[in-house]
Amino acid sequence: MPSSRVQLIGAGLLAIVSFLAVILHFGLASVFAYPINKINLVVLFVIIVLLITESGRTVWIGFTAYFFMELFSLAPFGAALYSGTISALISFWLYKTVFANRTILTTVALTAIFILIYRSQYSAIIYAVGRFSGDIETTFFSQFASYGWELAITAVAAGLAHFFLKLFIPKLNTTKLRK
(Lines give C-alpha, C1' and ligand atoms only; values in the text may rest on other atoms or scores of the structure.)
Protein backbone atom coordinates (compact mmCIF):
# COMPACT_ATOMS: atom_id res chain seq x y z
CA MET A 1 0.00 0.00 0.00
CA PRO A 2 1.45 3.36 -0.97
CA SER A 3 2.39 5.75 1.76
CA SER A 4 0.46 8.93 2.38
CA ARG A 5 3.32 10.98 0.94
CA VAL A 6 3.12 9.10 -2.37
CA GLN A 7 -0.66 9.51 -2.40
CA LEU A 8 -0.30 13.24 -1.74
CA ILE A 9 2.21 13.62 -4.58
CA GLY A 10 -0.11 11.63 -6.85
CA ALA A 11 -3.05 13.86 -5.96
CA GLY A 12 -0.96 16.97 -6.60
CA LEU A 13 0.15 15.67 -9.98
CA LEU A 14 -3.47 14.83 -10.80
CA ALA A 15 -4.52 18.39 -10.03
CA ILE A 16 -1.65 19.91 -12.03
CA VAL A 17 -2.23 17.74 -15.09
CA SER A 18 -5.99 18.37 -14.96
CA PHE A 19 -5.40 22.11 -14.67
CA LEU A 20 -3.00 22.01 -17.63
CA ALA A 21 -5.59 20.13 -19.70
CA VAL A 22 -8.18 22.82 -18.95
CA ILE A 23 -5.76 25.65 -19.76
CA LEU A 24 -4.83 23.90 -23.01
CA HIS A 25 -8.54 23.47 -23.80
CA PHE A 26 -9.29 27.16 -23.36
CA GLY A 27 -6.06 28.28 -25.02
CA LEU A 28 -6.44 26.21 -28.16
CA ALA A 29 -10.12 27.05 -28.50
CA SER A 30 -9.20 30.66 -29.13
CA VAL A 31 -6.38 29.83 -31.57
CA PHE A 32 -8.04 27.41 -33.98
CA ALA A 33 -10.52 28.29 -36.74
CA TYR A 34 -14.28 27.65 -36.46
CA PRO A 35 -14.91 23.96 -36.75
CA ILE A 36 -11.60 22.91 -35.19
CA ASN A 37 -12.04 25.19 -32.17
CA LYS A 38 -14.98 23.05 -31.04
CA ILE A 39 -12.65 20.24 -29.97
CA ASN A 40 -13.14 19.35 -26.33
CA LEU A 41 -9.64 18.64 -25.07
CA VAL A 42 -10.82 17.85 -21.56
CA VAL A 43 -12.99 14.99 -22.84
CA LEU A 44 -10.12 13.84 -25.06
CA PHE A 45 -7.78 13.93 -22.06
CA VAL A 46 -10.15 11.97 -19.81
CA ILE A 47 -10.79 9.29 -22.46
CA ILE A 48 -7.08 8.84 -23.25
CA VAL A 49 -6.25 8.56 -19.54
CA LEU A 50 -9.06 6.01 -19.17
CA LEU A 51 -7.65 3.91 -21.99
CA ILE A 52 -4.11 4.05 -20.65
CA THR A 53 -4.75 3.55 -16.93
CA GLU A 54 -8.04 1.59 -16.95
CA SER A 55 -8.51 2.92 -13.44
CA GLY A 56 -11.34 4.46 -11.48
CA ARG A 57 -9.05 7.43 -10.93
CA THR A 58 -10.23 8.59 -14.32
CA VAL A 59 -13.47 9.72 -12.69
CA TRP A 60 -11.45 11.79 -10.19
CA ILE A 61 -9.39 13.22 -13.03
CA GLY A 62 -12.63 14.20 -14.77
CA PHE A 63 -13.96 15.71 -11.54
CA THR A 64 -10.78 17.73 -11.02
CA ALA A 65 -10.63 18.93 -14.63
CA TYR A 66 -14.29 19.98 -14.67
CA PHE A 67 -13.87 21.69 -11.31
CA PHE A 68 -11.13 23.83 -12.86
CA MET A 69 -13.40 24.45 -15.86
CA GLU A 70 -16.08 25.71 -13.48
CA LEU A 71 -13.67 28.32 -12.15
CA PHE A 72 -13.40 29.86 -15.63
CA SER A 73 -17.02 29.36 -16.71
CA LEU A 74 -19.85 31.85 -16.84
CA ALA A 75 -22.47 29.11 -16.45
CA PRO A 76 -24.04 28.40 -13.07
CA PHE A 77 -21.57 26.68 -10.77
CA GLY A 78 -21.92 22.92 -10.87
CA ALA A 79 -23.38 22.51 -14.35
CA ALA A 80 -20.15 21.41 -16.01
CA LEU A 81 -18.84 19.76 -12.85
CA TYR A 82 -21.86 17.51 -12.41
CA SER A 83 -22.22 16.74 -16.12
CA GLY A 84 -18.54 16.02 -16.62
CA THR A 85 -18.19 13.83 -13.55
CA ILE A 86 -21.28 11.76 -14.33
CA SER A 87 -20.14 11.41 -17.95
CA ALA A 88 -16.71 10.22 -16.81
CA LEU A 89 -18.32 7.75 -14.41
CA ILE A 90 -20.65 6.32 -17.06
CA SER A 91 -17.81 6.14 -19.61
CA PHE A 92 -15.63 4.30 -17.10
CA TRP A 93 -18.46 1.87 -16.36
CA LEU A 94 -19.09 1.28 -20.07
CA TYR A 95 -15.40 0.74 -20.69
CA LYS A 96 -15.14 -1.82 -17.89
CA THR A 97 -18.38 -3.70 -18.60
CA VAL A 98 -19.39 -3.26 -22.25
CA PHE A 99 -16.30 -2.61 -24.36
CA ALA A 100 -13.94 -5.57 -24.51
CA ASN A 101 -10.90 -4.22 -26.31
CA ARG A 102 -8.85 -1.13 -27.03
CA THR A 103 -9.63 -0.49 -30.67
CA ILE A 104 -9.91 2.91 -32.27
CA LEU A 105 -13.64 2.26 -32.61
CA THR A 106 -13.88 1.83 -28.82
CA THR A 107 -12.08 5.14 -28.33
CA VAL A 108 -14.34 6.97 -30.79
CA ALA A 109 -17.49 5.39 -29.32
CA LEU A 110 -16.50 6.24 -25.73
CA THR A 111 -15.73 9.80 -26.77
CA ALA A 112 -19.07 10.17 -28.56
CA ILE A 113 -20.99 8.68 -25.61
CA PHE A 114 -19.13 10.92 -23.16
CA ILE A 115 -19.99 14.05 -25.17
CA LEU A 116 -23.62 13.02 -25.70
CA ILE A 117 -24.14 12.44 -21.98
CA TYR A 118 -22.19 15.54 -21.01
CA ARG A 119 -23.97 17.90 -23.39
CA SER A 120 -27.45 16.54 -22.73
CA GLN A 121 -27.02 16.93 -18.97
CA TYR A 122 -25.32 20.29 -19.29
CA SER A 123 -28.07 21.62 -21.57
CA ALA A 124 -30.78 20.32 -19.25
CA ILE A 125 -29.17 22.03 -16.25
CA ILE A 126 -28.70 25.30 -18.11
CA TYR A 127 -32.28 25.15 -19.38
CA ALA A 128 -33.66 24.41 -15.92
CA VAL A 129 -31.68 27.21 -14.29
CA GLY A 130 -32.71 29.64 -17.03
CA ARG A 131 -36.33 28.54 -16.83
CA PHE A 132 -36.52 29.00 -13.08
CA SER A 133 -34.66 32.30 -13.13
CA GLY A 134 -36.66 33.59 -16.10
CA ASP A 135 -33.75 34.58 -18.33
CA ILE A 136 -33.29 32.09 -21.14
CA GLU A 137 -31.12 33.94 -23.64
CA THR A 138 -30.12 31.20 -26.03
CA THR A 139 -32.00 28.91 -28.31
CA PHE A 140 -30.88 25.34 -27.98
CA PHE A 141 -31.28 24.70 -31.69
CA SER A 142 -28.35 27.02 -32.36
CA GLN A 143 -26.37 25.09 -29.74
CA PHE A 144 -27.05 21.70 -31.35
CA ALA A 145 -24.95 22.57 -34.40
CA SER A 146 -22.09 23.55 -32.12
CA TYR A 147 -22.52 20.34 -30.12
CA GLY A 148 -22.49 18.32 -33.34
CA TRP A 149 -19.21 19.88 -34.39
CA GLU A 150 -17.80 19.26 -30.93
CA LEU A 151 -18.79 15.60 -31.06
CA ALA A 152 -17.42 15.05 -34.58
CA ILE A 153 -14.11 16.90 -34.11
CA THR A 154 -13.40 15.44 -30.67
CA ALA A 155 -14.25 11.89 -31.76
CA VAL A 156 -11.95 12.14 -34.79
CA ALA A 157 -9.20 13.63 -32.61
CA ALA A 158 -9.63 10.77 -30.11
CA GLY A 159 -9.31 8.23 -32.90
CA LEU A 160 -6.18 9.93 -34.21
CA ALA A 161 -4.72 10.21 -30.71
CA HIS A 162 -5.36 6.50 -30.14
CA PHE A 163 -3.70 5.64 -33.46
CA PHE A 164 -0.56 7.63 -32.68
CA LEU A 165 -0.37 6.67 -29.00
CA LYS A 166 -0.51 2.96 -29.73
CA LEU A 167 2.80 3.37 -31.55
CA PHE A 168 4.42 4.44 -28.26
CA ILE A 169 2.28 2.65 -25.67
CA PRO A 170 2.13 -1.12 -26.25
CA LYS A 171 -0.76 -1.37 -23.79
CA LEU A 172 -3.04 0.16 -26.44
CA ASN A 173 -2.30 -2.66 -28.86
CA THR A 174 -5.57 -3.95 -30.26
CA THR A 175 -4.45 -7.54 -30.78
CA LYS A 176 -4.98 -8.50 -27.15
CA LEU A 177 -8.20 -8.29 -25.19
CA ARG A 178 -7.93 -6.77 -21.75
CA LYS A 179 -8.71 -8.88 -18.72
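**Helix α3 against helix α4, and the nonpolar cores**

In this predicted model, helix α3 meets helix α4 through T58, V59, F63, Y66, F67 and E70 on the α3 side. Their partners in α4 are A79, A80, L81, G84, T85, A88, L89 and F92. The residues of this contact divide into ten nonpolar, three polar and one charged.

**How the two helices pack**

- Helix α3 covers residues 57–71, and helix α4 covers residues 79–97.
- Their axes lie 8 Å apart, at an angle of about 160 degrees.
- Angles over 145 degrees count as roughly antiparallel, and α3 and α4 are therefore roughly antiparallel to each other.
- The crossing of α3 past α4 is right-handed.

**The largest nonpolar core**

- This core holds 32 residues.
- Y66, L110, F114 and Y122 have the most contacts inside it.
- Five elements are named as giving two or more residues to the core: α1 (4–29), α2 (41–53), α3, α4 and α5 (104–133).
- Helix α2 gives the most, with eight residues.

**Y66 up close**

- Y66 belongs to the α3 side of the contact with α4, and is also among the core residues with the most contacts.
- Leaving aside residues up to four places away in sequence, Y66 touches N40, V42, V43, A80, L81, G84, F114 and Y118.
- Among these, A80, L81 and G84 are also α4 residues in the contact with α3.

**A second core**

- A separate core has seven residues.
- Its members include I39, L44, I48 and I153.

Conventions: Residues numbered from 1 in each chain as written. Predicted model: local features only at pLDDT ≥ 70, side-chain atom pairs only at ≥ 80, totals over all residues. Heavy atoms only, no water. Axes fitted to C-alpha atoms, helices over the stretch in contact; angles between N-to-C directions. Helix = DSSP H or I, 4+ residues; strand = E, 2+ residues; numbered from the N terminus. Parallel < 35°, antiparallel > 145°, perpendicular 65-115°, else oblique. Left-handed = near helix turned anticlockwise from the far one by under 90°. Contact = heavy atoms within 4.5 Å. Nonpolar A, V, L, I, M, F, W, Y, C, P; charged D, E, K, R; others polar. Core = buried A, V, L, I, M, F, W, Y, C linked by side-chain atoms within 4.5 Å. Buried < 20%, exposed > 50% of the residue type's maximum accessible area, 1.4 Å probe, protein only.
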